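Welcome! Let us take a friendly walk through this structure, starting from its interior.

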Amino acid sequence: MQCACALRLPIGAADAWQVLGDPAVSGKVEWFHRDIQVLGPLVAGTEIRILHGLWGVPVGRFHRVGRLTVHRPPREYAFSDLSADRPRTGFPHVYRLRVLPRLDGSVVRLEVTGRWMARFVPRPIVWLYLWCVMARCRLGLAWLLLGAALRCSLATRRRCGRGPVHCPAR
């Protein structure tokens, strides 16, 4: 199965990557990912640990493991998300975030590709569920970017006292 969401941004790809380029931060927009630890440098092959929770609630917390499979700054990263006990149980998948430049800004695309192991669940329910998860991811990306923009705006305002309209951000 593959599902994806995209968010068109009025900022350049380099600025978007600055906010989203760390999997330990932007990987948590998926509502099951409570915490992500990258156990080494941000390069392909580095091991990661993912603390999962059910819908962000600390009930039913469990660890999953994976590796950074792709890390190409400032364009994309991907990591695998597998069961720590048995890699073919649960929902083994790859989480991939790409930042694509455009003339009028950039597009952030989040893709999740995996194998749905609970075959007893009817497919329409699976697709509805995954649609809800991806809608929440899209919202999480928007909030993450908005929070970064507000922090930048407040820092700029404090630096010169007149706000971002009168102060160049760089």
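A nonpolar core is a set of buried Ala, Val, Leu, Ile, Met, Phe, Trp, Tyr and Cys residues joined through side-chain atoms within 4.5 Å. In this predicted model, the largest such core has 31 residues. Phe-79, Leu-97, Leu-110 and Leu-141 are the residues with the most contacts inside this core. Helix and strand elements that give two or more residues to the core include those in the table.

| Element | Residues |
|---|---|
| β1 | 2–9 |
| α1 | 13–20 |
| β3 | 47–54 |
| β6 | 93–102 |
| β7 | 105–114 |
| α3 | 123–160 |

Strand β5 also belongs to that group. The element that gives the most is α3, with 7 residues. As for Leu-141, if its neighbours within four places in sequence are left aside, its contacts are Leu-7, Leu-20, Val-29, Leu-97, Val-108 and Leu-110.

Now to α1. Its buried residues are Ala-13, Ala-16, Trp-17 and Leu-20. Because they cover an arc of only 100° around the axis, they lie on the same side of α1. The exposed residues Ala-14 and Gln-18 sit on the face turned away from that buried side.

Finally, a polar residue: is Asp-81 buried or exposed? Asp-81 counts as buried, because its relative accessibility is 0%. Asp-81 is found in strand β5, which covers residues 76–83. Its side chain is joined to that of His-33 by a polar contact of 3.0 Å. Beyond its neighbours within four places in sequence, Asp-81 is in contact with several residues, among them Ile-50, His-52, Arg-64 and Phe-91.

Terms used:
Residues numbered from 1 in each chain as written. Predicted model: local features only at pLDDT ≥ 70, side-chain atom pairs only at ≥ 80, totals over all residues. Heavy atoms only, no water. Helix = DSSP H or I, 4+ residues; strand = E, 2+ residues; numbered from the N terminus. Buried < 20%, exposed > 50% of the residue type's maximum accessible area, 1.4 Å probe, protein only. Polar contact = N/O pair within 3.5 Å; in protein donor to acceptor, adjacent residues only side chain to side chain. Contact = heavy atoms within 4.5 Å. Arc of directions from axis to C-beta.
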